[in-house]
Amino acid sequence: MSKKITLFLPYNGYGYTQKTVASFLSSGQVEEIYLLTTNKDVPEIENCKILFVENLLSAATMKEMIARSATEFTCFVKQDTLLELGQFALERFIAVAESTSAGLVYSDYYEIKNNVREPHPTIEYQEGSLRDDFNFGYLYLFDTAALKAIKLDNEYTFGGLFNLRLKISQQHKIIRVGEFLYSSIETDERKSGEKIFDYVDPRNRAAQIEMEQVCTSHLKTIGAFLKPEFDKINFESGNFQYEASVIIPVKNRAKTIRDAIKSVLNQKTDFVFNLFVIDNYSDDGTTEKIEEFAKMDSRITHLIPQRKDLGIGGCWNEAVHHASCGKFSVQLDSDDMYSDKNTLQKIVNKFYEENVAAVIGSYLMTNFQLEQLPPGVIDHKEWTPENGRNNALRINGLGAPRAFYTPVLREVKIPNVSYGEDYSVVLAISRDYQIGRIYEPLYFCRRWEGNTDSALSIVQMNNHNFYKDKIRTFELLARKKKVKSGK
């Protein structure tokens, strides 16, 4: 039986690589093994060839891999870590690839933490899975013929693998095997709440610029790229009692709701505004705290919805479609606080200055005592007037606080969910309208143990990521339709 796989494996000289190599060789499926390294002093490993590269994930490395692979399949391991194959794992990868004619196959896997094996399921790949950090696990199995048919025309330093898999997706299926086919050691043991801001860390800016270039090129190829041409807005339409309404959905935030409300009531503006606090059946004393404020200040509308099936998005809809909602609907989370007394004025000014349908600000990451936490200011500078709405399909968040021209928001509607509802709405609005950006911090995003995303399980993270990929898929199809129609 001929061996069907050429393996490309990161190598920094660690001893566990020999165990990984042995695991692959024992399968009987591997013809050649290339050890990818940037270090010319690493010891050789028997039955392996050393291949020096400048960057593991660069376009040059991908080209070298494609050129050297002479077998039916090409296996690429993304990270230098111990990798132990499961029973007949490579045979299973190959069988699925052959039966589905997939260009890329990946699988679920086990993580080894403190000598304990824990399951790490992945999620299904969708057309909207455009995140450069989509988790395929550590092991990619490519159809070599599909690889060799790809034209890798840019010399990306960081985005080579991202470019490669998007190119594969344009012509071939990407298939997930929902089975735990190998085990690996997880080296990043941070909580989910610490990982989610990696893509806006200023230290990663150069890589993010490349990822934007890769994704934008892909959108152009598949007919989903939108030029910076936007519909105009007439802000004189409609009859609003208030110029702006701040909207705070809340459930069981007795520890933080007072600070949030105070930061709104302290705003100084040259227009009238009000505040909606949508209390989604709190039972921890939050309701009583809101009532105290509402009795003292007529600007507060304390709403307890009749419906009991509402998520955060549904609570937003209750306020947005209320008769007293202002011309502009402005977000504040119940955990957080506006950074100064001028936040609301700055946001409303931006609508008129740039004729935009939504405004997204920036915020400062802090602890509960308002002391700055890494990475500090989250400003999402990747959202540019020229390409922001295209790049928005690649990233997993768009910044805050968010504000909307209410007539447009009433037309779009907000999904009745408690995660990703804001992302969905901004994507939909940006399909037709310009989004304004304020790059100075407008509020304090307080991280504490009560945050909903502070320490999510793998299953919860997967559910969130799958939903956002689905939202991206919906939006991608809508944009293809828009481009095709020319409207």
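Two rings of Phe, Tyr or Trp count as a pair if their centres lie within 6.5 Å. In this predicted model, ring pairs link Phe76, Tyr106, Tyr125, Phe134, Phe136, Tyr140 and Phe142 into a cluster. Across the whole structure, the search turns up 22 aromatic pairs. One of them joins Phe76 and Tyr140, with 6.2 Å from centre to centre and 65° between the planes, an edge-to-face arrangement. These two rings come from distant parts of the chain: Phe76 belongs to strand β4 and Tyr140 to strand β8 (residues 139-143), 64 residues apart. Both Phe76 and Tyr140 are buried.

A second pair looks rather different on paper. The ring centres of Tyr363 and Tyr443 are 5.6 Å apart and their planes meet at 15°, so this pair is stacked. Tyr363 sits in strand β15 (residues 358-366) and Tyr443 in strand β18 (residues 435-446), so the pair ties together parts that are 80 residues apart in sequence. Tyr363 is buried, and Tyr443 is buried too.

Rings also turn up with charges over them. Lys255 lies over the face of Phe368, at 4.6 Å from the ring centre. In the case of Tyr423, the charged end of Lys468 sits over the ring, 5.1 Å from its centre.

Back to Phe76, which also takes part in strand pairing. In β4, Phe76 is the bridge partner of Phe8, and β1 (residues 5-10) runs parallel to β4 (residues 73-77), with 4 bridges joining them. Strand β1 also pairs with β2 (residues 30-37), again in the parallel sense, over 6 bridges. Here the bridge partner of Ile5 is Val30 in β2. Between β1 and β2 the chain passes through helix α1 (residues 16-25), and this β-α-β crossover is right-handed.

Strand β1 is mostly covered, with 6 of its 6 residues buried. Ile5, Leu7 and Leu9 point one way from the strand, while Thr6, Phe8 and Pro10 point the other way. Thr6 makes a handy close-up: at 1% relative accessibility, this residue counts as buried. Not counting residues up to four places away in sequence, Thr6 touches Glu32, Tyr34, Ser69, Ala70, Thr71, Phe73, Thr74 and Cys75.

Ile5 has a contact in helix α3 (residues 89-100), namely Ile94. Leaving aside neighbours within four places in sequence, Ile94 is in contact with Lys4, Ile5, Gln29, Phe73 and Leu141. Its relative accessibility is 4%, so Ile94 counts as buried. Ser169, by contrast, is 75 residues from Ile94 along the chain, and their C-alpha atoms are separated by 18 Å.

Now for the nonpolar cores. In soluble globular proteins, nonpolar side chains tend to be buried together. The largest nonpolar core here has 104 residues, and those with the most contacts inside it are Phe76, Phe142, Leu164, Val246, Ile261, Leu275 and Phe351. Leaving aside neighbours within four places in sequence, Ile261 is in contact with Leu275, Val277, Ile290, Phe293 and Ile300. Apart from the largest core lies another, of 32 residues, with Ile5, Cys48, Phe73 and Leu90 among them.

Ile261 is one of the buried residues of helix α8 (residues 257-265), along with Ile257, Ala260, Ser263, Val264 and Leu265. The cover over the buried residues of α8 includes β10 (244-250), β11 (273-279), α9 (286-296), β12 (300-303) and β14 (337-338). Helix α10 (residues 312-320) is mostly covered as well, with 7 of its 9 residues buried. Those buried in α10 are Gly313, Gly314, Cys315, Trp316, Asn317, Ala319 and Val320.

Finally, a few spots in the backbone deserve a look. The peptide bond from Pro374 to Pro375 is cis, with omega near 0°, and Pro375 lies in strand β16 (residues 372-378). Another cis peptide bond joins Ala400 and Pro401, where Pro401 lies in the loop between α12 (388-391) and β17 (402-405). Asn115 is not a glycine, yet its phi is positive, at about 65°. This residue lies in the loop between β6 (104-113) and β7 (116-120), and at 78% relative accessibility Asn115 counts as exposed. Lys413 also has a positive phi, near 70°, and its place is in the loop between α13 (406-412) and α14 (421-430). With a relative accessible area of 47%, Lys413 is partly exposed.

Definitions and conventions:
Residues numbered from 1 in each chain as written. Heavy atoms only, no water. Buried < 20%, exposed > 50% of the residue type's maximum accessible area, 1.4 Å probe, protein only. Pairing = 2+ DSSP bridges. Right-handed = clockwise from strand over helix to strand, strands pointing away. Phe/Tyr/Trp six-rings, centres within 6.5 Å; stacked < 30°, edge-to-face > 60°. Lys NZ or Arg CZ within 6 Å of the ring centre and 35° of its normal. Contact = heavy atoms within 4.5 Å. Core = buried A, V, L, I, M, F, W, Y, C linked by side-chain atoms within 4.5 Å.
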